[in-house]
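Student: I'd like a close look at how the helices pack against one another, and then at the pockets. Please walk me through it slowly, with the side chains named.

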Amino acid sequence: YMSAAEYALTCLPLNDAVLRHARFIDIKRIRNASFRDIEFFAQRYSSFFKFTTDDMDQLREEFVELQLLNAGTDIPADEWKKAELGEVEDGVPFHRMDMIWGYLAERRDRTGRRQFPLMSKVAAGVLALPHSNAEEERVFSLVTKNKTQFRGSMKLDGTLASILTVKLAAPERYSSCHRFQPSANLIRQAKGATSDYNKAHSSSTSE
């Protein structure tokens, strides 16, 4: 166990700047964060956020206001309940911070003004960052499985792209495709499309 732990501590990017500055995402610990954490993402992904000087001033105000928020009482209990993950540590449940930030994005003050439009935008950008390249590797694996040496003529922007689109849209269905039961209407449409294709192909060949 010690060697495994040492390997993990050595190889995992625990001191990565993105991870270090992203800790403000846990709204329960935002009082331990600093505005430098927010600035880091605003500057690193400036082409995405496109914040002006006035926006940065407003962002700082929203950050201070958010730090003054009491997460336990100012965020309704039913919002925390909806965000529960069902996992508990020391009797305290884990929560989906994307749902909590979704609530904060729409939270309004007494005048009807949204309280945290820019802070919630930064949070949404951070939450959208991929945790790994597993999804991309999965796509490469699908390409290899579908474009084999026996099916090497499939065009990247044609049949192959269509197959990948369908499989990625419903992976749980096509990973066990032998159990898939097409409806009668789907079979009828498929037969009609095949018939139309064969007719068009036959006429073009005869010419």
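Tutor: Happy to! Contact here means heavy atoms within 4.5 Å. Helices (H or I, at least four residues) and strands (E, at least two) are DSSP runs numbered from the N terminus. The model is predicted, so to speak of a local feature takes pLDDT of at least 70 and to count a side-chain atom pair takes pLDDT 80 or more, while totals for chains, interfaces and linings use all residues. Residues are numbered from 1 along each chain as its sequence is written, and side-chain values use heavy atoms, without hydrogens or water.

Let's begin with H10 (residues 134-146) and H11 (residues 159-169), whose axes lie 11 Å apart at an angle of about 130° (axes are lines fitted to C-alpha atoms, for helices over the stretch in contact, and angles between N-to-C directions run from 0 to 180 degrees). That angle makes H10 oblique to H11 (under 35 degrees is roughly parallel, over 145 roughly antiparallel, 65 to 115 roughly perpendicular, the rest oblique). The crossing of H10 past H11 is right-handed (the near helix is turned clockwise from the far one by less than a right angle; anticlockwise is left-handed). From H10 come Glu135, Val139, Leu142, Val143 and Asn146, which meet Leu160, Ile163, Leu164, Lys167 and Leu168 of H11. Seven residues of this contact are nonpolar, one is polar and two are charged (Ala, Val, Leu, Ile, Met, Phe, Trp, Tyr, Cys and Pro are nonpolar; Asp, Glu, Lys and Arg charged; the others, Gly among them, polar).

Next come H3 (residues 35-44) and H5 (residues 53-67), with axes that come within 10 Å and cross at roughly 140°. This makes H3 oblique to H5, and their crossing is right-handed. On the H3 side you'll find Phe35, Ile38, Glu39 and Ala42, meeting Met56, Leu59, Arg60 and Phe63 on the H5 side. Six of these contact residues are nonpolar, none is polar and two are charged.

Now look at H8 (residues 97-106) against H9 (residues 117-127): the angle is about 160° and the axes are 9 Å apart. With that angle, H8 is roughly antiparallel to H9, and H8 passes H9 in a left-handed crossing. H8 brings Met97, Asp98, Trp101 and Ala105 to the contact, and H9 brings Met119, Ser120, Ala123 and Leu127. Six of them are nonpolar, one is polar and one is charged.

From H9 we can step to the largest pocket, since both H9 and H2 (17-21) supply at least two residues each to its lining. Of the 14 residues that line this pocket, Leu19, Ala22, Val126, Leu129 and His131 lie nearest its centre. The lining has 10 nonpolar residues, one polar and three charged.

Met97 of H8 leads to the second largest pocket, where the lining holds Met97 together with Asp26, Lys28, Arg29, Glu89, Val92, Pro93, Phe94 and His95. Strand S2 (residues 92-95) gives the most to that lining, with four residues. Here four residues are nonpolar, one is polar and four are charged. (A pocket is an open set of points on a 1 Å grid over the protein atoms alone, where a 1.4 Å probe fits, with protein on both sides within 12 Å along at least five of seven lines; lining residues have an atom within 4 Å of a point.)
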